[in-house]
Amino acid sequence: MLEMSDIAHRRTSGPSRMTIREIADLAGVSIATVSRVLNGRDDVSDETRELVRGVVQEHGYTVSRSARSLSAGRTGLIGVLVPLVYPVYFSAILSGAAEALYEHDMRVVLSPTGHEHDREVSLLDRLVHGETDGALVVLPEESSDDRIPSVSAAHMSGADQAMRHLLGLGHRRIAAITGPSGWVASDDRRRGYHAALAAAGILPDPALEVESDFEIGSGVKAAKALLDLADPPTAIFAFNDNLAIGAIQAARARGLRVPEDVSVVGFDDVEHATIVTPTLTTVRQPLAEMGRTAVSLLVRLLERQRFETLHVELGTRLVVRESTAPPRTLSRV
């Protein structure tokens, strides 16, 4: 989940003025193009430059000395707090956010938090009193505030799709390797898992549900425990792709075949899902789009625009690949 915070309006005040978005709409060009013209950059055609300047002159828009800020007190810098930089999950979100910020002629101030609550609070405080206009917080450790705009994926719907796929193949003993409790993603996916079992008339078995973090090694450990059960699962729904890859590794270490002996489904659809063998059936999250949508909400905050909703939930969809099949007892019929 991403949260947006408008820092600029806490430091500045003044009369309302025409926004860069309004100039872009009148000129029929993008916000980024208007910003480039106002900043005097040369990567705009002469025709477009004259068009934008004409709109600016006609409507009396005045560019401040700091043209890039487009309003008093703006720096053009946006803080992005992310737990870690290197995992594909976070880098995909960051890529979408950075590209969208570039289109608005804004830049990223990157601050990894290491999943540490105190560090997140400290970094946010520095951003509020520093040289940024706003902040995007990826997977906030700080308690969510219902008044702060946020973006997330449809976790419960994605889990339901994964479970319906496995149930449709004939699986009835389906295990779950979950993420940490208390995280929105983990809790919503767990609700989807339980709801799908209930809809199929299957009572949940606590032995089939193992809580973990989202790392491959943890997926190996959790899957080993599940496969050691006297009555092991025929399918495993892992709450992210790392855990699913770990489950595949654990199955292979026991001489089990995926999907012939055990099916595995992940969640995220990061690049690793298409590299692992067999390729991973997983739920796709629109990670880059989440970053772009978060920037869009933040820009609306900076421009003091009204919100129809404070939370945006983007759709997820199941991508079926090679790691799932009917349970062995059915495939032999």
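Guide: A helix here is a DSSP run of H or I with at least four residues, a strand is a run of E with at least two, and both are numbered from the N terminus. With this in hand, the loop that holds Pro259 can be placed between H10 (241-253) and strand S9 (263-268). The model is predicted, so local features need pLDDT of at least 70, side-chain atom pairs count only at pLDDT 80 or more, and totals for chains, interfaces and linings use all residues. Residues are numbered from 1 along each chain as its sequence is written, and side-chain values use heavy atoms, with hydrogens and water left out.

Visitor: What makes the peptide bond from Val258 to Pro259 worth pointing out?

Guide: The bond between Val258 and Pro259 is cis, with omega near 15 degrees. In general, most peptide bonds are trans. A cis bond also joins Thr277 and Pro278, where omega is about -5 degrees. Pro278 belongs to the loop between helix H11 (272-275) and strand S10 (281-284).

Visitor: How many aromatic pairs does the structure hold, and why is the pair of Tyr89 and Phe90 called edge-to-face?

Guide: There are 3 aromatic pairs in the structure. For Tyr89 and Phe90, the ring centres are 5.1 Å apart and the planes stand at 90 degrees, so the pair is edge-to-face. The rule is that rings of Phe, Tyr and Trp (its six-membered ring) pair if their centres lie within 6.5 Å, and that planes under 30 degrees apart are stacked, over 60 edge-to-face and the rest tilted.

Visitor: What makes the pair of Phe237 and Phe239 tilted?

Guide: The rings of Phe237 and Phe239 are 5.0 Å apart, centre to centre, with 50 degrees between the planes. That angle is neither under 30 nor over 60 degrees, so the pair is tilted.

Visitor: How do you know whether these four residues are buried or exposed?

Guide: Buried means under 20% relative accessible area, exposed means over 50%, and partly exposed lies in between (1.4 Å probe, protein chains only). Tyr89 stands at 14%, so Tyr89 is buried. Phe90 has 8% and is likewise buried. Phe237 has 0% and therefore counts as buried, and Phe239, at 0%, is buried too.

Visitor: Why is the charged end of Arg189 said to sit over the ring of Phe267?

Guide: The charged end of Arg189 is 3.8 Å from the centre of the Phe267 ring. A charge sits over a ring if NZ of Lys or CZ of Arg is within 6 Å of the ring centre and within 35 degrees of the ring normal.

Visitor: What makes the link from Thr132 to Leu127 a polar contact?

Guide: The Thr132 side chain reaches the backbone oxygen of Leu127 at 3.2 Å. A polar contact is a pair of N or O atoms within 3.5 Å; within protein, one must be able to donate a hydrogen and the other to accept it, and residues adjacent in sequence count only if both atoms are side-chain atoms. Thr132 lies in the loop between helix H6 (117-128) and strand S4 (134-138). With 3% relative accessibility, Thr132 is buried.

Visitor: What makes the phi of Asp105 and of Asp268 notable?

Guide: Most residues other than glycine have a negative phi. Asp105 is not a glycine, yet its phi is positive, about 55 degrees. Asp268, also not a glycine, has a positive phi of about 130 degrees. Asp105 sits in the loop between H5 and strand S3 (107-112), whereas Asp268 is part of strand S9. At 7%, Asp105 counts as buried, and Asp268, at 5%, is buried as well.
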